[in-house]
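Reader: I'd like a close look at one part of this protein, the place where the ligand sits. Could you walk me through that, and start with whatever sets the scene along the chain?

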Amino acid sequence: MSVFSNPAFDNHERVLFCRDEPSGLCAIIAIHSTALGPAAGGTRLWAYASDDDALYDVLRLSQGMSYKNAMAGLKFGGGKAVIMKTPDFDGSDALFERFGEFVDTLGGDYITAEDVGMSVEIMATIARRTRYVSGLPLQSGKAGGDPSPKTAYGIYCGIEAAAKARLGRDSLEGLRVAVQGVGHVGYYLCKLLHEAGASLVVSDIDETRVDRVCGELGADRVGSAQILAADADVLAPCALGAVLHEESIPGIKARIIAGGANNQLRSPEDGQRLADAGILYAPDYVINAGGIINVACEYFGDVDDEGVTDLLAQIGPRLADIFEEAQRTGEPTNVIADRRARKIIAAGA
Ligand code: NAD
């Protein structure tokens, strides 16, 4: 397993390999940058096909967190962790406590929270061993708790901005939105879109989750293989990354891609492919920053829940500004966002 020559290595400051045989813990923590503050980003719990896949994922995700936190105006650098569901993984409290101890050894340079596969309850277990954790059970009126409803609200604001920029629409009423993955973020996003009068077509590899959205919100279902090419105005990828690439892009019918998944583009060149296909792409780390904004407000304790909502609403104008530059210059939106993020990080360093 190579680190420095890994294709996702981007001069990361630190990578910590965490192994504890008695509890079965196998994890990697990557700190991409602390230029703007402690490296913050969630922990993903996933069954990786190999150690290399896990390393690649954590390196790429942590770099994305640096860009996300910079663009959201947070006093956070970028970091991420993955806990690997290896054969000896048993999901015990001891395993997550041990993980908390590893986080603690970094002395606050890395702050963790939820990502795919984690929950508020697991965060509370990790917090028994470290204070460098956020996304903890909500205290009334304060920022905190499960970040996914906040992520979903930020995406909703971003879809509004994209609908205005690409379709000239002031409302989402009557729009059709295809949502890939109706887990935490996807489900809350569907609720908001349904309340706004949009119609939904959804897919998930977990059929019980599809049943819930179809039953509660009248969504239509399609198979996982069909969702990207569904007949819709907006495609919202809310499952895993790397879904937009050379093979999938030609089949996409939506004129807008705006969703919560991290690292939606398989490679930066896919941003150009989307622009060439006339599809407006909302850069993932800009539109899905709602959760980390909530985490930051909880961690620093300086903004209450109402203040968080105001900060989330800024995701719309932030995207509108990127869309305007893309329209003016012909550059893909991901290139514009990356340049802006790197500039903010360089200024912080
Ligand atoms: P989750 O695990 O609750 O939901 C993901 C869903 O995607 C699951 O229901 C899963 O079954 C489904 N899925 C997986 N592969 C699929 C496929 N090929 N087709 C259709 N469905 C598939 O995770 P989440 O917290 O909702 O996060 C979703 C995405 O958003 C992830 O990429 C995550 O990194 C990103 N994200 C989450 C947050 C947050 O606040 N939770 C914040 C920012 C970004």
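Author: Let's start with a turn early in the chain. The hairpin of β1 and β2 has four residues between its strands, and G24 there takes a positive phi near 85°. Keep in mind that this is a predicted model. The strands on either side of that turn, β1 (residues 14–20) and β2 (residues 25–33), run antiparallel and are joined by seven bridges. If you want a spot to check by eye, look at L16, which stands opposite I29 in β2.

There's also an open sheet of six strands, with parallel pairing, and its order reads β9-β8-β7-β10-β11-β12. At its edges you'll find β9 (220–221) and β12 (280–281), each of which pairs on one side only. Strand β11 (residues 256–257) pairs with β12 in the parallel sense, over two bridges, and I256 stands opposite L280 in β12.

Now for the part you asked about. The ligand takes up the space of the largest pocket. Around the ligand are 24 residues, and the closest are T151, H184, D204, R209 and A239. Sorted by class, that shell comes out as 11 polar, seven nonpolar and six charged residues. Two helices are worth colouring in your viewer: α4 (148–167) and α5 (184–195) each give at least two residues to the shell around the ligand.

Next, the polar contacts, where oxygen atoms of the ligand come up again and again. R209, already listed among the closest residues, has a polar side-chain atom 2.6 Å from a ligand oxygen. For N262, a polar side-chain atom lies 2.8 Å from an oxygen atom of the ligand. With D115, an N or O atom of the side chain is 2.9 Å from a ligand oxygen. As for how covered the ligand is, taken alone it exposes 830 Å², and the protein buries 88% of that.

So if you're setting up a view, I'd put the ligand in the middle, show the side chains of R209, N262 and D115 as sticks, and draw α4 and α5 as ribbons, given what both supply to the shell.

Methods:
Residues numbered from 1 in each chain as written. Predicted model: local features only at pLDDT ≥ 70, side-chain atom pairs only at ≥ 80, totals over all residues. Heavy atoms only, no water. Pairing = 2+ DSSP bridges. Near = heavy atom within 4 Å. Polar contact = N/O pair within 3.5 Å; in protein donor to acceptor, adjacent residues only side chain to side chain. Areas by Shrake-Rupley, 256 points an atom, 1.4 Å probe, with all protein chains shown as cover. 1 Å grid on protein atoms, 1.4 Å probe; cavity = no way out; pocket = protein on both sides within 12 Å on 5 of 7 lines; lining within 4 Å. Sits in = over half its atoms within 2 Å of the grid points. Nonpolar A, V, L, I, M, F, W, Y, C, P; charged D, E, K, R; others polar.
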